Amino acid sequence: MSRNAHHFPSIDRSLIRIAVLFSSFFFFTLNAQDDLKYNAYGMKKYTLETEHFRLSYTPGLEQVAKEAGEQFEKLHTLYRETYNISLPDKTEILVIDGELTNGFAFANLNFIVIWCHDLDWNLRGTHDWLKGVCTHEFGHIVSLWSSMKFPPWMPYLQWGYFTHPNEANRVEALHVFPSITIPPWLAEGVAQYEDSRHGTDSWDTHRDMIMRTLSLSNQLLSWEHMSVMNGRGDDFEKTYNHGFSLVKYIANHYGYAKIVSLLRENSLIYRLGFDGSIKAILGISAKKLYADWKDSLNGYYSLQVKNLGRQIYG
């Protein structure tokens, strides 16, 4: 069975190429112009400014950004007087909606990200989350800024030695010397303590229950474990709790000014670790500080249990 062939008029291939190139150019030009209205990942962004902060926010979060701006401005003078520092420019804040509820401070960039909605979970009590996260994250900015060894544009020094790939015995040695060397228990402890000082968080019954249980069962994190973020999910929260408790202990026994002094001492270029800063400011070793704090917790919680009277388990 034969099929009738359909014949089309021939078109010059050069005309086809020109048409394709013109169409592609037109398409990408329109998209590029359209993308100018949006940020890098395709979401609209608006900005409002206060005296010391520049807040960017996505649609629907204008009121949240305004409330955050008011809270940040309240904190600015308080933190400036406590830490005696002036940030070089307005702190950039990004308020964004998302499934992850959190806040994060990039101290070197003087930049904070706040992901909404409210955070309320069973390891901590209920507080005004927005005001709390503003206080916490800006506390990170000013405290970490106080502890920097280098200018903010230099987050670390890095050097090394590498032999040629064809060498029989290759050497690849690399060392990084960071600008910020304070341990996580102090970074998070200071931020939470500042949060409690300004009424947006507190040492609540949830945190106290966790520390009481760990102390009386002799399961507090070791000094080494407190100095790193490591372990299961609840181990990270323990680092927060331990830091909050230890910063409270230092503030109560030595005065809160010593916390600021510890941060400034650790900004000295020759302070390679935090233990030396403790010895210089508090006059005792880091291990002695840890032991004293641990003993104070055990004594406090043991007395609580004793005052309960006879207990019946089961």
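Thr91 counts as buried in this predicted model, at 1% relative accessibility. The residue sits in strand β3, and leaving out anything up to four places away in sequence, its contacts are His52, Phe53, Arg54, Asn110, Ile112 and Phe138. Two of those names, Asn110 and Phe138, come up again below.

Take Asn110 to begin with. Its place is the loop between β4 (102–106) and β5 (111–116), and its phi is positive, about 55 degrees, although it is not a glycine. Most residues other than glycine have a negative phi. Asn110 is also tucked away: its relative accessible area is 5%, so it counts as buried, the cut-off being under 20%. Asn84 makes a handy comparison. It too is a non-glycine residue with a positive phi of about 55 degrees, this time in the loop between α2 (62–83) and β3 (91–97). Asn84, though, is exposed, with a relative accessible area of 67%.

The loop that holds Asn110 is the turn of a hairpin: β4 and β5 have 4 residues between them, and the positive phi of Asn110 falls in that turn. The two strands run antiparallel and are joined by 5 bridges. One pairing to look for on screen is Phe104, whose bridge partner in β5 is Val113. As for the faces of β4, Gly103 and Ala105 make up the covered one, while Asn102, Phe104 and Phe106 lie on the uncovered one. So on this strand the covered face carries Gly and Ala, and the two Phe residues are on the uncovered face.

Phe138, the other contact of Thr91, leads into the nonpolar interior. The largest nonpolar core has 64 residues, and those with the most contacts inside it are Phe72, Tyr83, Phe138, Trp185, Leu246 and Tyr256. Helix α3 (residues 129–146) gives the most to this core, with 9 residues. In soluble globular proteins, nonpolar side chains tend to be buried together. Phe72 gives a feel for the packing: apart from residues up to four places away in sequence, it touches Phe53, Leu55, Ile93, Ile112, Ile114, Cys134 and Phe138. Phe53, Ile112 and Phe138 are also among the contacts of Thr91.

Cys134, one of the residues touching Phe72, raises the matter of disulfides. A search of the whole structure finds 0 of them. Cys116 is in no disulfide, and the nearest cysteine sulfur, that of Cys134, is 9.1 Å away. Looking from the other side, Cys134 is likewise in no disulfide, and its nearest cysteine sulfur is that of Cys116, at 9.1 Å. A disulfide calls for sulfur atoms within 2.5 Å, so this pair does not qualify. Both cysteines are buried, Cys116 with a relative accessible area of 6% and Cys134 with one of 0%.

Helix α4 is another enclosed piece of the model. Of its 14 residues, 12 are buried, so the helix is largely enclosed by the rest of the structure. The buried ones are Pro184, Trp185, Leu186, Ala187, Glu188, Gly189, Val190, Ala191, Gln192, Tyr193, Glu194 and Asp195. Trp185 is also one of the core residues with the most contacts. The length of α4 works out as well: at 1.5 Å a residue it should span 20 Å, and its end C-alpha atoms are 20 Å apart, which agrees. Just after the helix, Gly199 takes a positive phi of about 80 degrees.

Glu194 deserves a look of its own. This residue lies in α4 (residues 184–197) and counts as buried, at 0% relative accessibility. Setting aside neighbours within four places in sequence, Glu194 is in contact with Tyr79, Thr82, Tyr83, Thr135 and Tyr256. Tyr83 and Tyr256 are also on the list of core residues with the most contacts. Glu194 and His136 are 58 residues apart in sequence, yet their C-alpha atoms are 6.9 Å apart.

For the protein overall, the secondary structure comes to 10 helices and 7 strands. Of its 314 residues, 39% count as buried. The exposed surface is about 18900 Å², with carbon and sulfur atoms supplying 56% of it. Among contacts with a separation of 6 or more, 61% are between residues 24 or more positions apart.

Conventions. Residues are numbered from 1 along each chain as its sequence is written. This is a predicted model: local features need pLDDT of at least 70, side-chain atom pairs count only at pLDDT 80 or more; totals for chains, interfaces and linings use all residues. Side-chain values use heavy atoms; hydrogens and water are left out. Buried means under 20% relative accessible area, exposed over 50%, partly exposed in between (1.4 Å probe, protein chains only). Contact means heavy atoms within 4.5 Å. Accessible areas come from the Shrake-Rupley method with a 1.4 Å probe; for residues, only the protein chains shown count as cover. A nonpolar core is a set of buried Ala, Val, Leu, Ile, Met, Phe, Trp, Tyr and Cys residues joined through side-chain atoms within 4.5 Å. Two strands pair if DSSP finds at least two bridges between them. The expected span of a helix is 1.5 Å times one less than its number of residues.
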